[in-house]
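Colleague: I am new to this structure and would like a close look at a single part of it, with the surroundings described as far as they help. Could you take me through it step by step?

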Amino acid sequence: MENHRRPHDYYRLKAGYLRFKGALYDRNTGLFAFPFFFDRIRAMLQGKDRIGVVHLELDGLDLIEDRFGWQESDLLRVRVAEILLGLRESVLGAGALLACSGVHGKGFLLFLDELPEGGQVTELRMGTFAEEIGEAVHQGLQSVFSSESAGFLQMKTGSSLLLDLPLTRFERRVYHAVEQARGKPPERDRQERVRRLEELRQILHGESLETYFQPIVRMENRDLLGYEALARGPRNSSFEYPANLFCFSDQVGVSPELDGVCRDRALADAQGLEPGLKLFLNCLPSAIEGSSLRSEKIWNRMRKSRLSYDSIVFEITERTAIKDFRAFGRGVDLLRKEGYQVAIDDVGTGYSTLQAISEVQPEFLKIDMSLIRNIDQSL
């Protein structure tokens with residue numbers, strides 16, 4: 001009887017192992033979550049009194065998924081895994097262990113038994129090393145993804161030491177080291193947030209905001225159709241590019257106010273626009289649904305800049321969800337009665353493209369670059 005049970009026990013144990021392995025495997029990145037490597041981490045620690053742990057987190061990934069879709073966030077995670085695998089081969093060495101913090105999560109972990117330059121890991125060196133790895137990943141992402149999507153992303157890095165403490169449970173020590181690596185000094189984090197809030201406050205008060213005008217031409221004859229107004233924050237700051245600026249304003253809940261400030265500054269800077277040319281102004285769907293685009297303030301600004309209603313095209317980004325199409329449609333109708341026109345931006349990359357086109361019936365569609373890149377090479 002015993003001989004008949006052994007094969008059954010073997011297959012039962014094997015099936016259990018495969019289920020365990022599958023539960024810890026991230027198909028998106030091709031990496032296992034760190035608990036899968038407990039035995040290997042234990043082996044790395046043998047003969048040493050410590051090993052280093054580096055944690056990298058894609059801060060802003062949730063916002064990217066909300067705005068651009070899960071495919072974009074998955075591509076970012078895949079790219080980070082590829083960059084880290086490349087660094088392991090070229091810099092870290094085969095002894096380094098790469099894992100994800102959890103299946104479909106936004107964190108990555110490196111376990112190192114020694115530094116690339118050799119020698120035992122130390123707390124001080126691990127801190128600077130984590131920042132170097134984070135910068136390498138950030139640069140790798142910037143070279144592949146558009147500035148708009150990558151601009152929402154920040155690499156948060158941290159490090160810790162996993163110590164050899166025989167009297168404490170090993171698995172608990174690993175979890176503790178990972179949690180330590182995930183942390184960031186609260187005071188430094190608080191000071192950085194206060195600084196960014198003050199910088200945003202100055203922008204909302206109309207200070208240090210600039211407008212750039214990007215020409216829009218007709219393809220058939222290359223005549224100038226008009227300009228798109230592009231907002232830029234303070235030069236050489238973290239808010240210079242609108243992706244970073246609006247990402248932070250989303251987090252603190254002031255994007256509608258920022259949207260209005262950018263539009264007001266664009267109208268002021270557009271003074272002297274040649275008659276017959278269009279001025280494309282970006283706006284959030286909430287501005288269309290509300291009354292801010294039909295306020296006395298915007299009329300006064302247009303009069304000062306000598307702009308007519310029919311020269312203005314309100315451009316709604318397709319990356320932001322239209323929550324109430326009925327309210328949005330009523331807002332569009334009221335704007336058209338005044339003489340304004342409407343465009344939908346980033347078509348093909350965001351929310352409800354076909355419904356938005358059907359409901360809004362815009363005068364202009366702006367196709368996202370990802371759909372037309374290298375179109376001249378297409379047969």
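What follows is a request about one strand and a connected reply.

Colleague: Which residues of strand 5 point one way and which the other way, and which strands are joined to strand 5 by bridges?

Modeller: Please keep in mind throughout that this is a predicted model. Strand 5 covers residues 107-112, and six of its six residues are buried, so the strand is mostly covered, buried here being under 20% relative accessible area. Gly 107, Leu 109 and Phe 111 point one way from the strand, while Phe 108, Leu 110 and Leu 112 point the other way, and residues of both sets are buried.

Strand 5 has a partner in strand 3, residues 50-59, to which it is joined by six bridges, and the two run antiparallel. Within that pairing, Val 53 stands opposite Phe 111 of strand 5. Strand 4, residues 97-100, is also antiparallel to strand 5, with four bridges between them, and here Cys 100 stands opposite Phe 108. Strand 4 and strand 5 form a hairpin with six residues between the strands, and in that hairpin His 104 takes a positive phi near 65 degrees.

From the strand it is natural to turn to the nonpolar core. In soluble globular proteins, nonpolar side chains tend to be buried together. The largest nonpolar core of this model has 33 residues, and Leu 110 is among those with the most contacts inside it, along with Leu 56, Leu 58, Leu 84, Ile 133, Val 137 and Leu 141. Strand 5 is one of the elements that each supply at least two residues of this core, the others being strand 3, helix 3 (61-68), helix 4, strand 4, helix 5 (123-142) and strand 6 (154-163). Helix 4 gives the most to this core, with seven residues.

Helix 4 therefore deserves some words of its own, as the element that gives the most to this core. The helix runs over residues 70-92, which makes 23 residues, and it reaches 30 Å from its first C-alpha to its last, close to the 33 Å expected at 1.5 Å a residue. Its buried residues include Leu 76, Val 80, Ile 83, Leu 84 and Leu 87, but also Glu 72, Arg 77 and Arg 88. An α-helix has 3.6 residues a turn, so residues three or four places apart point the same way. Just after helix 4, Gly 93 takes a positive phi of about 95 degrees.

For contrast with the buried strand, consider some charged pairs elsewhere in the model. Side chains of opposite charge can pair when their charged atoms come close. The structure holds 15 salt bridges, one of which joins Arg 125 and Glu 132, with the closest N and O atoms 3.6 Å apart. Arg 125 is partly exposed, with a relative accessible area of 21%, and Glu 132 is likewise partly exposed, at 43%. In another of these pairs, the side chains of Arg 263 and Asp 259 meet at 2.8 Å, N to O. Because they are four residues apart in helix 10, residues 255-269, Arg 263 and Asp 259 are separated by about one helical turn. Arg 263 counts as buried at 7% relative accessibility, and Asp 259 is buried too, with a relative accessible area of 5%. Helix 10 itself has 15 residues and reaches 21 Å from its first C-alpha to its last, close to the 21 Å expected at 1.5 Å a residue.

A last comparison is with the surface. Leu 365, Ile 367, Met 369, Leu 371, Ile 372 and Ile 375 make a nonpolar surface patch of about 560 Å². Strand 12 (364-367) and helix 15 (369-372) each supply at least two residues of that patch, and the largest share, three residues, comes from helix 15. Ile 372 lies in helix 15 and is partly exposed, with a relative accessible area of 35%, whereas the six residues of strand 5 are buried.

Definitions and conventions:
Residues numbered from 1 in each chain as written. Predicted model: local features only at pLDDT ≥ 70, side-chain atom pairs only at ≥ 80, totals over all residues. Heavy atoms only, no water. Buried < 20%, exposed > 50% of the residue type's maximum accessible area, 1.4 Å probe, protein only. Pairing = 2+ DSSP bridges. Patch = residues over 30% accessible without salt bridge, like charges linked within 9 Å, V, L, I, M, F, W, Y side chains within 5 Å. Areas by Shrake-Rupley, 256 points an atom, 1.4 Å probe, with all protein chains shown as cover. Salt bridge = Lys/Arg side-chain N within 4 Å of Asp/Glu carboxyl O. Expected span 1.5 Å × (residues − 1). Core = buried A, V, L, I, M, F, W, Y, C linked by side-chain atoms within 4.5 Å.
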